[in-house]
Amino acid sequence: MGNGSGDDDTGLPAGTADPGGGGADATAGGEAHGGGERLLAALLDGMEAGFAAFDEDGVVSHWNAEATRILGWTADDAIGRHGFSGWAARAADAAEAEEWLRRVMGSPGRHVHEFALLTKDGHRVLVRTQSAAVPGPDGRPAGVYCAFSEVHAQIELERSIALSEALFAGASWGVVLIDADLRPAVANPTAARMLRTGRDEVLGRPLGNLLTQGVEELENALQHVLAEGAPPATTDLWVALRADPEGMRRCWRCGFVRLGSPLGEEPAPLGVGWLFIDITRQKTAETEGAQVRFRYQQLHRADRAGAECGSALEAAALHLDFALAGFADHALLDLADDAERLIRIAATPAGEPGPCRLLPDSAESGIPVGYPAAHPALQALERIGTVRTSYGPEVPGDRAAGAGPDAWAAARRWPSGTAHGLVTVLRSRGRTVGALTFLRGPGRRLFDRADAAYAEDVAARVAMALDLAGLAGER
């Protein structure tokens, strides 16, 4: 930058010949030097902070456009002045600033300080500065530069950064920043804990290395956000963690924010902020509540439909049809004779699931079902309760279990493809009137306690219908 001595672009005083005598080379060197000056000026004017540089005598040598915007003093006003005194600062403030800059010139590294300056129209402005010494060719300090901004603007920036850090680190939601390649770039402690991995281990890994289920849905959501922007509402995703040996499915409520740079005229997406929280308990409770409402609505409908049946046996079969919806694939109804031997009187088709039908003349034949000893139906009669069982290849003492699920089902005289069974006893007026069996295939979960409670409610209605059929002479 100019120092008022009239030097040309070669750096030599005006009118001085090149000692090397090479006029063309001197011209080329001057053009290069001038280009470097223009590049430096462009870079300084493009800074987002005010910039001032001082030589070793404390004379202003550089002044950028942001400094002009903050204080109103132009480069022509500033360059060549000694320090800030008498123009850009009050006397007391200028002394403090100049003393600070002298100390910075004599110490290594960058230093942060605050002092007051004056705008061109006389207003006092508190600025925060970062200053450092500028070494000369011999390594000794040849000056000092000072980058500064208004304190309130700096404080707002620092507050925003501090708020972002606090929300990121202490958030109850998991937060993961996903880059444009759909790989985690940053994860907060909550996210690392929910993913069952460390904060550093999660970085840069494909999402498929973290999740075994729900990966495709998550990646589709991330790609949509990158292309179209964040959806207007949160999304519930069912996922399973690769680090979970049990492979339990979890429901995560997810929100997405597209990240773009504010510096571009048309910001290209830098990635996606993925926020998620575990709502498995809430979702499970909602599902169970809906399931209970549906099941007992089915019982109510079965009671009303059964009342219109011409016989009690038809009402019993009709109850099973209503109970099967969403509950099981097959149902078997066995009637107990006086010796408590079980005789099959109704069943669903052995192939594809279908309605429960009464077996003609089955009760009159008196031929019991050939259940082997320790069969779940016989255990239910013995315990006067409910028995649940499922196929397992390593069931102790069960030879049929190791032979495969079809052999396991055949040994129990159940349809092929059965993997889970539930048998409950039928009781009415203090007497055992039969046994009711519900069966599920391998694609469905095993029966739990809630299923057993529902099966017992169904069994109570079926038992009353069978007892009524006996009183009416239908069997």
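Good morning; let me begin with the interior of this chain, where buried residues make up 39% of the 475 residues. Please keep in mind throughout that what you have in front of you is a predicted model. Its accessible surface comes to about 25,700 Å², and 54% of that surface belongs to carbon and sulfur atoms. In terms of secondary structure, the chain has 14 helices and 17 strands, and if we take the contacts between residues at least 6 apart in sequence, 50% of them join residues at least 24 apart.

Before going into the details, a word on confidence. The pLDDT averages 83 over the chain, and 87% of the residues score at least 70. Confidence is highest in strand β16, with a mean of 95, whereas helix α12, covering residues 399–402, has the lowest mean, at 50. Over residues 1–30 the pLDDT stays under 50, and for that stretch the model has 15 contacts beyond four places in sequence. Where pLDDT is low, the predicted coordinates should not be read in detail.

Let us now turn to the sheets, starting with an open one of five strands, in which the order is β2-β1-β5-β4-β3 and the pairing is antiparallel. The edges are taken by β2, residues 60–63, and β3, residues 111–118, and because each has a single partner strand, one side of each is left without a neighbour in the sheet. From one strand to the next, the twist averages 30°. At the β2 edge, strand β1, which spans residues 50–55, pairs with β2 in the antiparallel sense over three bridges, and within this region Ala53 has His62 of β2 as its bridge partner. Lying across β1, β3, β4 (124–135) and β5 (141–150) we find helix α4, residues 91–105, which runs at about 155° to β3.

Just after β2 in the numbering comes helix α2, residues 65–71, which contains Glu66. Is Glu66 buried or exposed? With a relative accessible area of 15%, Glu66 is buried, and, leaving aside residues up to four places away in sequence, Glu66 touches Met47, Glu48, Ala49 and Gly50.

Another open sheet has six strands, in the order β14-β13-β12-β17-β16-β15, and here too the pairing is antiparallel. Its edge strands are β14 (357–358) and β15 (386–390), each of which pairs on one side only. Strand β13, residues 342–347, pairs with β14 over two bridges in the antiparallel sense, and Ala347 stands opposite Arg357 in β14.

Which helices lie across this sheet? One of them is α11, residues 376–383, which lies across β13, β15, β16 and β17 (431–440) and runs at about 35° to β16. Helix α14, residues 449–471, lies across β12 (330–336) as well as β13, β15, β16 and β17, running at about 40° to β16.

I would like to finish on a single residue, Thr424, whose place is in strand β16, residues 420–428. Thr424 is counted as buried because its relative accessible area is 2%. If we set aside residues up to four places away in sequence, its neighbours in contact are Ala380, Gly385, Thr386, Ala435, Leu436, Ala455, Glu456 and Ala459. With one of these, Thr386, the side chain of Thr424 makes a polar contact, side chain to side chain, at 3.0 Å.

Notes:
Residues are numbered from 1 along each chain as its sequence is written. This is a predicted model: local features need pLDDT of at least 70, side-chain atom pairs count only at pLDDT 80 or more; totals for chains, interfaces and linings use all residues. Side-chain values use heavy atoms; hydrogens and water are left out. Helices (H or I, at least four residues) and strands (E, at least two) are DSSP runs, numbered from the N terminus. Buried means under 20% relative accessible area, exposed over 50%, partly exposed in between (1.4 Å probe, protein chains only). Contact means heavy atoms within 4.5 Å. Accessible areas come from the Shrake-Rupley method with a 1.4 Å probe; for residues, only the protein chains shown count as cover. A polar contact is a pair of N or O atoms within 3.5 Å; within protein, one must be able to donate a hydrogen and the other to accept it, and residues adjacent in sequence count only if both atoms are side-chain atoms. Two strands pair if DSSP finds at least two bridges between them. Axes are lines fitted to C-alpha atoms, for helices over the stretch in contact, and angles run from 0 to 180 degrees between N-to-C directions. pLDDT is the predictor's confidence in each residue, from 0 to 100.
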